[in-house]
Each structure stands twice: as structure tokens, then as C-alpha cells.
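Reader: Hi! Could you walk me through this one? I'd like to ask things as they come to mind.

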Amino acid sequence: MPTPDLFEGKVQSYIRCTSVPYSSTKIESFLDIQLNVKGCPTLYESLQQFVHEEELEGENQYDASEAGFGKQDAKKGVRIHTLPPVLNIHLKRFEFDMAATMGMIKVHDRLEFPLVMDMTDFLMDDDDDHDYDSRKNVYHLHSIVMHSGCVGGGHYTAFIRPNLESYDFPRDISAADTKACDNKENGQTSNVSLHDDGEMDELLPREWFKFDDELVVPVDEDSMLEAAY
């Protein structure tokens with residue numbers, strides 16, 4: 001499968017006037033979503049910041065003159081239009097420090113992320129053409145690339161969970177198979193996965209491996225996550 005088919009999604013930026021019937025939208029492609037770390041204790045809060053609406057008022061009013069409305073109060077924001085099969089999230093741990101150093105610094109703030117993430121809350125909510133089946137908007141953490149060091153240099157390592165059968169939910173669930181998920185939601189501990197032939201098997205343990213140059217070793221999930229936060 002070509003790279004765009006795996007990693008390419010789309011976001012829609014918009015400006016909506018609040019007092020007159022005028023709006024402006026633009027759809028752009030992305031291969032990763034770049035999110036802030038500073039001030040965001042969790043990935044969910046960082047995504048909320050990503051889609052947060054900005055109020056354009058006073059001296060910052062939007063110029064809707066091309067539609068004949070002149071300066072107007074408006075709301076400006078961005079929403080995810082289309083999600084890719086594989087979602088890359090880039091945490092912005094390097095930023096320009098205007099207050100102290102007038103140079104690039106590394107952000108060491110802790111940001112926690114879940115093993116399973118439902119992206120439905122961050123999708124456009126005014127397009128009837130979108131499929132909002134939440135099962136298609138749920139992502140399982142598959143790999144982490146981690147940088148150690150400073151702005152001027154460092155080292156990258158990767159943590160990968162290569163076994164698809166170790167994910168927490170069935171990969172493909174038909175209406176007749178919803179009981180498999182209901183069991184988990186009701187607090188039962190049995191884990192199942194559905195294969196294309198509809199058979200259910202026990203989920204394999206969540207096995208993570210650390211890739212450090214030529215060294216590949218298994219790692220404990222809790223320790224790995226704590227180091228990555």
C-alpha cells in the first residue's frame with residue numbers, strides 16, 4: 001500500500017462569521033498531526049487544544065469584505081476531516097524560546113497517552129457524508145519514537161508492538177458479534193479477537209520491543225510508557 005494510503009488524512013480549517021451568513025473553509029492533507037506538549041498533561045487535552053476555536057473580535061475581527069459584509073466577529077478553528085488507517089502524532093517537544101534564550105529548547109513536560117484512543121470527538125460534526133461508526137475512529141498504540149538528549153544532539157529509540165493480535169478490541173466486529181465487546185465493557189476479563197473467518201481466539205499478551213540501533217530487546221509495557229511520558 002503506498003504511503004499516502006496508509007498515513008494521509010485531511011483537516012479542515014474554517015472561519016465562521018457569527019452575525020452574518022458567511023464562512024470560509026480550506027481542506028489540507030497531513031501525514032502527521034503536530035500537537036503541543038507544554039500545558040497539556042494528556043494527549044486528549046492536547047487534541048482539545050488543537051481543535052479549540054479562536055474568537056476573532058475587536059481589533060482582530062475577520063475581514064469578510066469579499067462577501068460584502070466588512071469586518072465581522074467570527075470563530076476560527078480546525079477539525080479533522082478524514083482519518084488515515086495509520087495515524088502519526090508528532091509531539092512538539094522542541095520550540096523557540098523568545099522569553100529567555102531566544103533559541104530552540106526542548107520541552108520536558110510530562111504528557112500521558114492511552115493505549116486506545118477514540119478520535120470521534122475531534123472529527124467534523126456537520127458533514128452527513130462522514131461515517132461516524134466509532135469503531136473506525138478508534139486507534140491502538142502501535143509504536144513510539146523517543147528522543148533522548150538536547151536540541152543540539154541526541155539519540156532516537158523506538159518501541160513497537162508488532163503483534164496485531166495483541167490489541168485490546170477485535171479488529172473487525174459485525175453486528176452479530178457485538179457481544180464480544182459487551183463482555184469487556186461489562187467488566188469481564190476475557191479478551192477475544194476476531195479473524196476474517198469470524199473465529200474467536202484468545203488475545204496474545206501485549207508484547208513490546210525496544211529498537212536501539214542494532215539492539216532489539218523485549219520491554220515491560222508499564223516501564224516503557226513511563227519512560228515515554
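Reader: Let's start with strand 14 and strand 17: how many bridges join them, and are they parallel or antiparallel?

Author: Happy to help, and bear in mind that this is a predicted model. Strand 14, residues 153-160, is joined to strand 17, residues 208-212, by 3 bridges, and the two run antiparallel. One pair to look at is Ala158, whose bridge partner in strand 17 is Phe211.

Reader: What sheet do they sit in, and in which order do the strands come?

Author: An open sheet of 4 strands, in the order 13-14-17-18, with antiparallel pairing. At its edges are strand 13 (143-150) and strand 18 (215-219), each of which pairs on one side only. From one strand to the next, the twist averages 25 degrees.

Reader: Nice. Which helix packs on that sheet?

Author: Helix 4, residues 221-228, which touches strand 13, strand 14, strand 17 and strand 18. The direction of helix 4 makes about 50 degrees with that of strand 13.

Reader: Which residues of helix 4 are buried?

Author: Glu221, Met224, Leu225 and Ala228. Looking down the axis of helix 4, you find these buried residues within an arc of 95 degrees, so they line one face of the helix. They pack against strand 13, strand 14, strand 17 and strand 18.

Reader: Why would that kind of spacing put residues on one face?

Author: An α-helix has 3.6 residues a turn, so residues three or four places apart point the same way.

Reader: And what caps the N-terminal end of helix 4?

Author: That's Asp220: one of its side-chain oxygens lies 3.3 Å from the backbone nitrogen of Asp222.

Reader: Let me compare with another helix. Which residues are buried in helix 2?

Author: In helix 2, residues 43-50, the buried ones are Leu43, Ser46 and Leu47. They cover an arc of only 100 degrees around the axis, which places them on the same side of helix 2. Their packing partners are strand 3 (33-36), strand 8 (89-92) and strand 11.

Reader: I noticed Met119 while scrolling. Where is it?

Author: Met119 is in the loop between strand 11 (116-118) and strand 12 (138-140).

Reader: Is Met119 buried or exposed?

Author: Buried: the relative accessible area of Met119 is 0%, and under 20% counts as buried.

Reader: So what does Met119 touch?

Author: Leaving out residues up to four places away in sequence, Met119 touches Leu47, Ile80, Leu83, Leu87, Asn137 and Tyr139. Leu47 is also one of the buried residues of helix 2. As for Leu83, it is 36 residues from Met119 along the chain, and their C-alpha atoms are separated by 8.7 Å.

Reader: Switching topics: what order do the strands take in the open sheet that contains strand 1?

Author: The order is 2-1-7-4, again 4 strands with antiparallel pairing. Strand 2 (23-30) and strand 4 (54-56) are the edge strands, each pairing on one side only. The twist there averages 25 degrees from one strand to the next.

Reader: How many bridges are there between strand 1 and strand 7?

Author: 8 bridges, with strand 7 covering residues 74-82. Among the partners, Arg16 is matched with Lys75 in strand 7.

Reader: What about Gln12 in strand 1, buried or exposed?

Author: Gln12 belongs to strand 1, residues 9-17, and it is buried, with a relative accessible area of 13%. Its contacts beyond four places in sequence are Thr25, Lys26, Ile27, Gly77, Val78, Arg79, His81 and Met124.

Reader: Which residue takes a positive phi in the hairpin of strand 9 and strand 10?

Author: Met102, near 55 degrees, in a hairpin with 5 residues between the strands. Strand 9 (residues 94-97) and strand 10 (residues 103-106) run antiparallel and are joined by 4 bridges, and Asp97 stands opposite Gly103.

Reader: How many disulfides turn up?

Author: A search of the whole structure finds 0. Of the cysteines, Cys40 is buried at 3% relative accessibility, whereas Cys150 is partly exposed at 47%.

Reader: Last one: how many helices and strands does the protein have?

Author: There are 4 helices and 18 strands. Buried residues make up 32% of the 229 residues. Among contacts between residues at least 6 apart in sequence, 57% join residues at least 24 apart.

Definitions and conventions:
Residues are numbered from 1 along each chain as its sequence is written. This is a predicted model: local features need pLDDT of at least 70, side-chain atom pairs count only at pLDDT 80 or more; totals for chains, interfaces and linings use all residues. Side-chain values use heavy atoms; hydrogens and water are left out. Two strands pair if DSSP finds at least two bridges between them. Axes are lines fitted to C-alpha atoms, for helices over the stretch in contact, and angles run from 0 to 180 degrees between N-to-C directions. Contact means heavy atoms within 4.5 Å. Buried means under 20% relative accessible area, exposed over 50%, partly exposed in between (1.4 Å probe, protein chains only). The arc is that of the directions from the helix axis to the C-beta atoms. A polar contact is a pair of N or O atoms within 3.5 Å; within protein, one must be able to donate a hydrogen and the other to accept it, and residues adjacent in sequence count only if both atoms are side-chain atoms. A disulfide is a pair of cysteine sulfur atoms within 2.5 Å.
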